[in-house]
Each structure stands twice: as C-alpha cells, then as structure tokens.
Amino acid sequence: MSEYLTSGIARRAVSLATAGFIAFGGVVMIAPTASADDYERTPAEVIEQIEARAWPVYSVDQPGPSEDIRAVQYFLAALGHNIPEEPGDEFDEEVEALILAFEEEAGTIEENGVLETETWVKLRNTLFPTEADAFQVGDQGPAVVAIKILLNAKFGADLDEGDDVYDEDTAAAVEEAQEESGIGVDGAYGRMTFKCSITKPEVGAPEEECVDEAAAAAADEQVDENALEPMEEPDDAEAPAGYGYH
C-alpha cells in the first residue's frame, strides 16, 4: 500500500484475502501470510507484560507534552482526519476536537475528547484489525511518520520524520525495538509493537511511570484489548490522573 488512507474495513478485507494480493482503491495491497510482530516467537510472558501496561491518558487538563500526542495526530491523518500542518506535542483544543471527531466516527466509545484507554484500543483495532495487519517496508503515508516519531522518542532511533516512507532503516529500527522489548523480531510494525511503543516512556523518563498494574487489571476486566477484530469497547477504568504515563 503506497498510502495508509484506507479504512479499517478495507484493511480487514485485505487481511482476509486468501492469498496473493487484491487491488483496493487503485492501490495494490499484499495479503499477509503470517502474523506481524511474530507472535509465535514472542514469549507469553512478554505478551502479558506488554498488554498489562496502562495506556497513557491525555486531555486539555493533562496536556503533556508528549510525542504520543504528535504521533496520534499522524495516525488519525492516515485514517482520513484533517490535522494541523505541523502537529504539536501538547494536547490543546485542536487535538481535543480531532480526538472527538474520531470518537464520534467510531460510534462505539464515549465521546469526550479524551485520549484514554478505550480510545487507544479503538485506534489500535482500526489500524490493526488482525494479528496479520502491520506496516512494513514499502508502505508510505502519515502513519509511517507516526511510527518514526515513536521509534525516535521511545527507542532512541534516528529516523527522518520528514520522510513518510517505511524503508529499510525504519524496518531496522523496528527490529531493534522489538528485540529490546522481547517481541518476535520481524521488522513489521503491528499490534503489539504499537502498544509497546505507545506505553513505553520516552528516552530518559523513568520506566516505572509507564505501568500501573491496578489500573491495567481494572481495564482488562472491561476492555478486551486482545480482540483481533474491531469491536465495541465498553466504558473503561481510567488510569490515575497525572502527567503522561500512569
């Protein structure tokens, strides 16, 4: 896919293709034959640890700054939302309106303009409907910029954020991030690498701020984050109030 401007429905259709490739909207997309993030080679305890991490919460009252906020705007641009010409790293009223528009479009989560657990879960399920869905070498578009922002901020990569192509350098940075995190290394940016990079603190930030086991346990009771199909996410317990990661 040359640009990630297709909807979750389109990506799901691609992932369900039996083999080979299909053309969608004039763009040829390859139907994956194996799961991204190499789940089969990722230890169960690593999957459990990553999925137990609480998603960060951002709002006009908890504005950051954080590269998560800048990255999420590019992910939403990939889904067809209009974003500022130069997205910032603070959660202002413009970002609030963008999140609210995504929530309204989703129609299955609370419409409050807050970037919280159920919003992150809906975004992940839209970007990666199945384990097979991932960004990889050759992909191009705003989502690739978001990936580079997160790799630079969370793993110390040195990728050109002005280039929206998922090239060999991007794949190599993803491989390094996966190896550091214990994820099966394949260089494809899928569901697990997404959550790992969102919930990992930025370089220099204390690791322990990223995880709140009590909040994550409460979230697990109400939101099935591991579901491999887009779903209706019920109301979810918020992480404790405060700055950035919880």
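## Helix 8 and its surroundings

The buried residues of helix 8 are covered by elements that include helix 2, helix 3, helix 5 (117-127), helix 6 (142-155), helix 7 (168-181) and strand 4 (189-190). The model described here is a predicted one, and in it helix 8 is mostly covered, with nine of its nine residues buried. These buried residues are Arg191, Met192, Thr193, Phe194, Lys195, Cys196, Ser197, Ile198 and Thr199, a list in which the charged residues Arg191 and Lys195 appear.

## The protein as a whole

The protein contains nine helices and four strands, and, read along the sequence, these elements follow the pattern α-β-β-α-α-α-α-β-α-α-β-α-α. Of the 246 residues in the protein, 52% are buried. Among contacts between residues at least 6 apart in sequence, 65% join residues that are at least 24 apart.

## Helix 2 against helix 8

Two packed helices are described by the angle between their axes and by the distance between those axes. For helix 2 (residues 44-52) and helix 8 (residues 191-199), the axes come within 9 Å and cross at roughly 50°. Because of that angle, helix 2 is oblique to helix 8, and the crossing of helix 2 and helix 8 is left-handed.

On the side of helix 2 the contact is made by Ile47, Ile50 and Glu51, while helix 8 contributes Met192, Lys195 and Cys196. Divided by character, the residues of this contact comprise four nonpolar, no polar and two charged. Three of these contact residues, Met192, Lys195 and Cys196, also belong to the buried residues of helix 8.

## His81, in the loop between helices 3 and 4

His81 lies in the loop between helix 3 (67-78) and helix 4 (93-106). Its relative accessibility is 12%, and His81 therefore counts as buried, the cut-off for burial being under 20%.

Leaving aside residues up to four places away in sequence, His81 touches Leu76, Leu98, Ala101, Phe102 and Glu105. With Glu105 there is also a polar contact, in which the side chains of His81 and Glu105 are joined at 3.5 Å.

## Asn112, in the loop between helices 4 and 5

Asn112 is placed in the loop between helix 4 and helix 5, and because its relative accessibility is 23%, Asn112 counts as partly exposed. Although Asn112 and Leu100 are twelve residues apart along the chain, their C-alpha atoms are separated by 6.3 Å. Not counting residues up to four places away in sequence, Asn112 touches Leu100 and Glu103.

The side chain of Asn112 also takes part in polar contacts further along the chain. One of them reaches the backbone nitrogen of Val114 at 3.0 Å, and another is made with the side chain of Glu116, at 2.7 Å.

## Asp167, in the loop between helices 6 and 7

Asp167 is found in the loop between helix 6 and helix 7, and at 24% relative accessibility Asp167 counts as partly exposed. A polar contact of 2.8 Å joins its side chain to that of Thr170. Asp167 and Gln136 are 31 residues apart along the chain, and the C-alpha atoms of Asp167 and Gln136 are separated by 8.0 Å.

How values were computed:
Residues numbered from 1 in each chain as written. Predicted model: local features only at pLDDT ≥ 70, side-chain atom pairs only at ≥ 80, totals over all residues. Heavy atoms only, no water. Axes fitted to C-alpha atoms, helices over the stretch in contact; angles between N-to-C directions. Helix = DSSP H or I, 4+ residues; strand = E, 2+ residues; numbered from the N terminus. Parallel < 35°, antiparallel > 145°, perpendicular 65-115°, else oblique. Left-handed = near helix turned anticlockwise from the far one by under 90°. Contact = heavy atoms within 4.5 Å. Buried < 20%, exposed > 50% of the residue type's maximum accessible area, 1.4 Å probe, protein only. Polar contact = N/O pair within 3.5 Å; in protein donor to acceptor, adjacent residues only side chain to side chain.
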